[in-house]
Amino acid sequence: MKMYQQLLTLPQKRRGFHIITTEVIHALPQISEFKTGILQVFIQHTSASLTINENADPTVRKDFEMYFNKVAPENDPEYQHDDEGPDDMPAHLKAAMLGSSVTIPIRNGRLALGTWQGIYLCEHRNYGGNRSLVITAWGEA
């Protein structure tokens, strides 16, 4: 079994849901060596998250943003954690709902994503800054 790991720093993105599948694949080209394996992508932040979803129609990403803004609205007077602004606590709640990692099978040197699936960086802050991802792949050649 082989294992590879790479740190990927994504430049700051605007608030919303961004497809990063290509960036992940380019950051760890050794994926192509595996006949069978696993890829894990982990985000080292608590106010952004990762998920896998629709990669073709951009309205899906807009609807994700709309929905999560309804579920965790800004300026809720009951929030106590708001040191970094009105998007602070809602960003943590959204990240907790979506999660900090995704795991994808590797098959014949490629990510075994479905036809319409892509990896999303879910940026929940208005000004989140650069985002660090740890990408780990392991498997058999």
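**Entry 1: T136.** I located T136 in this predicted model and found the residue in strand β8, which covers residues 131-140. I then asked whether T136 is buried or exposed. Its relative accessibility is 7%, so I recorded T136 as buried, the cut-off being under 20%. For the side chain of T136, I noted a polar contact of 2.8 Å with the side chain of Q5. I next listed the contacts of T136, setting aside neighbours within four places in sequence: M3, Y4, Q5, L28, I38, L39 and Q40.

**Entry 2: the sheet.** I traced the open sheet and wrote down its 5 strands in the order β1-β8-β3-β5-β6, with antiparallel pairing. Which strands form the edges? I found β1 (2-10) and β6 there, each of them pairing on one side only. The strand of T136, β8, stands between β1 and β3 in the sheet order.

**Entry 3: β3 and β5.** I looked up the pairing of β3 (residues 36-43) with β5 and found 7 bridges in the antiparallel sense. Within this pairing I checked L39, whose bridge partner in β5 is I104. L39 had already appeared among the contacts of T136.

**Entry 4: positive phi.** I looked up two residues other than glycine with positive phi, N75 and N108. N75 has a phi of about 65° and is placed in the loop between α2 (58-71) and α3 (88-98). Its relative accessible area is 60%, so I entered N75 as exposed, the cut-off being over 50%. For N108 I read a phi near 50°. I placed N108 in the loop between β5 (101-107) and β6 (110-111).

Technical notes
Residues are numbered from 1 along each chain as its sequence is written. This is a predicted model: local features need pLDDT of at least 70, side-chain atom pairs count only at pLDDT 80 or more; totals for chains, interfaces and linings use all residues. Side-chain values use heavy atoms; hydrogens and water are left out. Helices (H or I, at least four residues) and strands (E, at least two) are DSSP runs, numbered from the N terminus. Buried means under 20% relative accessible area, exposed over 50%, partly exposed in between (1.4 Å probe, protein chains only). A polar contact is a pair of N or O atoms within 3.5 Å; within protein, one must be able to donate a hydrogen and the other to accept it, and residues adjacent in sequence count only if both atoms are side-chain atoms. Contact means heavy atoms within 4.5 Å. Two strands pair if DSSP finds at least two bridges between them.
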